[in-house]
Amino acid sequence: MSDSIRLAATPDAEERTALVIGASGGLGTAVARVLDRRGYRLALHCTTGTDRAHKLAAELRRPSAVVQADVADWAATQDMMARVRAELGGISVLVNAGAVRHDGFMATQAVDDWTRTIAVNLLGTFHTCRAALPDMMRARWGRIINVVSPAGLIGSRGQTAYSAAKAGVLGMTRSLALECGRFQITVNALSPGLMATAMTENMPSGNRDALMGRTAFNRMGTPDEVAQGIALLLDAEYMTGQVLSIDGGMSIS
């Protein structure tokens with residue numbers, strides 16, 4: 001690594017922009033609030049739920065903007081990034097907290113549901129990382145945090161698509177971390193496990209109870225509890241390519 005890269009000044013939080021993918025969801029909202037308290041300008045992404053995103057923006061102290069895009073679409077992702085840069089400046093922090101899940105046994109699952117799950121969760125994460133990286137590389141500083149799942153670490157019946165997507169994001173996170181270290185960019189994953197969010201509202205009670213029974217606390221986590229890990233991943237300068245599991249012990253049971 002050259003001295004010019006090693007000695008590059010770290011920008012103050014007030015000069016940085018953070019983009020939260022899926023900011024209208026439960027975890028995305030909690031993450032945005034943590035970043036706002038840290039002093040970041042916030043770009044709040046949503047695909048749907050624009051009312052929730054605008055309500056969140058009104059609550060934040062720092063400058064913010066609401067942006068929409070289907071991250072599975074590369075052109076749409078590029079357009080979104082251009083809007084963020086125009087309104088808030090280059091991107092220093094990217095949190096990929098958005099997700100879709102279409103569960104079903106592979107033998108009977110609709111092919112469109114399987115491919116859409118892969119497109120949004122895996123290809124969408126590639127698109128946002130690819131689009132944000134040039135800003136971070138120019139600044140010689142950045143943080144990428146990809147939200148994964150215990151489903152990507154261990155088997156999960158009825159979730160072959162979701163498991164494959166999150167396992168793919170985990171592999172991409174580790175490889176990208178090796179590519180980005182010389183630019184003082186860390187790339188890590190946050191694995192939240194079972195949370196009380198919109199994604200779990202319609203889960204059959206038997207499945208939910210079984211998953212809660214695999215935790216040490218016999219309950220679901222909350223988005224605020226999981227978002228506490230964001231502070232660590234922002235501050236840890238020598239931690240990259242890792243998975244921070246805040247899942248109540250689910251992944252070790």
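Helices H2 and H9 are oblique to each other, a class that holds angles outside those counted as roughly parallel (under 35 degrees), roughly antiparallel (over 145) and roughly perpendicular (65 to 115). In this predicted model, local features need pLDDT of at least 70 and side-chain atom pairs count only at pLDDT 80 or more, while totals for chains, interfaces and linings use all residues. Residues are numbered from 1 along each chain as its sequence is written, and side-chain values use heavy atoms, with hydrogens and water left out.

H2 covers residues 26–38 and H9 residues 223–235; their axes lie 8 Å apart at an angle of about 45 degrees. Helices are DSSP runs (H or I, at least four residues), numbered from the N terminus; axes are lines fitted to C-alpha atoms over the stretch in contact, with angles running from 0 to 180 degrees between N-to-C directions. The H2–H9 crossing is right-handed, the near helix being turned clockwise from the far one by less than a right angle. Residues of H2 in the contact (heavy atoms within 4.5 Å) include Leu-27, Val-31 and Arg-38, and those of H9 include Asp-224, Ile-230 and Asp-235. The contact has eleven nonpolar, one polar and three charged residues; Ala, Val, Leu, Ile, Met, Phe, Trp, Tyr, Cys and Pro count as nonpolar, Asp, Glu, Lys and Arg as charged, and the others, Gly among them, as polar.

Helix H5 (residues 111–139) and helix H6 (residues 160–180) have axes that come within 8 Å and cross at roughly 15 degrees, which makes H5 roughly parallel to H6. This crossing, too, is right-handed. Among the H5 residues that meet H6 are Trp-114, Phe-126 and Leu-133, and their H6 counterparts include Tyr-162, Lys-166 and Met-172. By class, 14 nonpolar, five polar and one charged residues make up the contact of H5 with H6.

The 29 residues of H5 should span 42 Å at 1.5 Å a residue (taken over one less than the number of residues), and the end C-alpha atoms are 41 Å apart, which agrees. H5 has a kink of about 35 degrees at Leu-133, shortly before Pro-134; the bend is the angle between axes fitted to the seven residues ending at a residue and the seven starting there. Arg-140, which follows H5, has a positive phi near 55 degrees.

H5 also packs with helix H4 (residues 74–88), the axes coming within 9 Å and crossing at roughly 35 degrees in a right-handed sense. Trp-74, Thr-77, Met-81 and Arg-85 of H4 meet H5 residues including His-127, Arg-130 and Asp-135. Four nonpolar, three polar and three charged residues form this contact.

Definitions and conventions
Helix = DSSP H or I, 4+ residues; strand = E, 2+ residues; numbered from the N terminus.
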